[in-house]
Amino acid sequence: LLDRIADRSLPGDAEAALRRLYDLTSPKLFGVALRVVGNREMAEDVLQDAYLHLWRAAATYRASLSPP
């Protein structure tokens with residue numbers, strides 16, 4: 001999914017991949033963020049910032065350097 005998010009050559013495919021990744025990972029990541037910040041609104045902001053950063057930085061991700 002990260003490769004599909006990084007590849008912006010197919011219209012709509014990157015967005016669909018991000019949506020799929022969000023659906024698969026957001027419940028667990030939200031739980032972690034909520035435990036760390038202790039506030040639901042702040043945890044939602046953290047989650048949004050994380051996926052926005054992922055969207056912007058997907059092209060620079062190298063699986064050989066670190067796992068997602």
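## Burial and overall build

Of the 68 residues in this protein, 21% count as buried. The model is predicted. Its surface exposes about 5200 Å², and carbon and sulfur atoms supply 57% of that area.

The protein has three helices and zero strands. Read from the N terminus, the order of elements is α-α-α. Along the principal axes, the C-alpha atoms fill a box of roughly 40 × 25 × 20 Å. Among contacts with a separation of 6 or more, 41% join residues that are 24 or more positions apart.

## Charges

The side chains include 9 positive and 9 negative ones. The centre of the positive set and the centre of the negative set lie 5 Å apart.

## Salt bridges

The structure holds two salt bridges. In one of them, Arg4 pairs with Asp13, and the closest N and O atoms are 3.0 Å apart. Arg4 has a relative accessible area of 35%, so this residue is partly exposed. Asp13 is also on record here as partly exposed, because its relative accessible area is 22%.

In another, Glu44 pairs with Arg40, with 3.8 Å between the closest N and O atoms. Both residues belong to helix 3; they are four residues apart, which means that about one helical turn separates them. Glu44 is partly exposed, at a relative accessible area of 39%. Arg40 has a relative accessible area of 52%, so this residue counts as exposed; the cut-off for that class is over 50%.

## A nonpolar patch on the surface

Val32, Val36, Val37, Met42 and Val46 make a nonpolar surface patch of about 400 Å². Two elements each give two or more residues to the patch: helix 2, which covers residues 13-37, and helix 3, which covers residues 40-57. The largest share, three residues, comes from helix 2.

Val46 is one of the patch residues and lies in helix 3. Is Val46 buried, partly exposed or exposed? Its relative accessibility is 38%, so Val46 counts as partly exposed. A residue would be buried under 20% and exposed over 50%. Patch residues need over 30% relative accessible area, and Val46, at 38%, meets that cut-off.

Technical notes
Residues numbered from 1 in each chain as written. Predicted model: local features only at pLDDT ≥ 70, side-chain atom pairs only at ≥ 80, totals over all residues. Heavy atoms only, no water. Patch = residues over 30% accessible without salt bridge, like charges linked within 9 Å, V, L, I, M, F, W, Y side chains within 5 Å. Areas by Shrake-Rupley, 256 points an atom, 1.4 Å probe, with all protein chains shown as cover. Salt bridge = Lys/Arg side-chain N within 4 Å of Asp/Glu carboxyl O. Buried < 20%, exposed > 50% of the residue type's maximum accessible area, 1.4 Å probe, protein only. Contact = heavy atoms within 4.5 Å. Lys, Arg positive; Asp, Glu negative; His and termini not counted. Charge placed at Lys NZ, Arg CZ, Asp CG, Glu CD.
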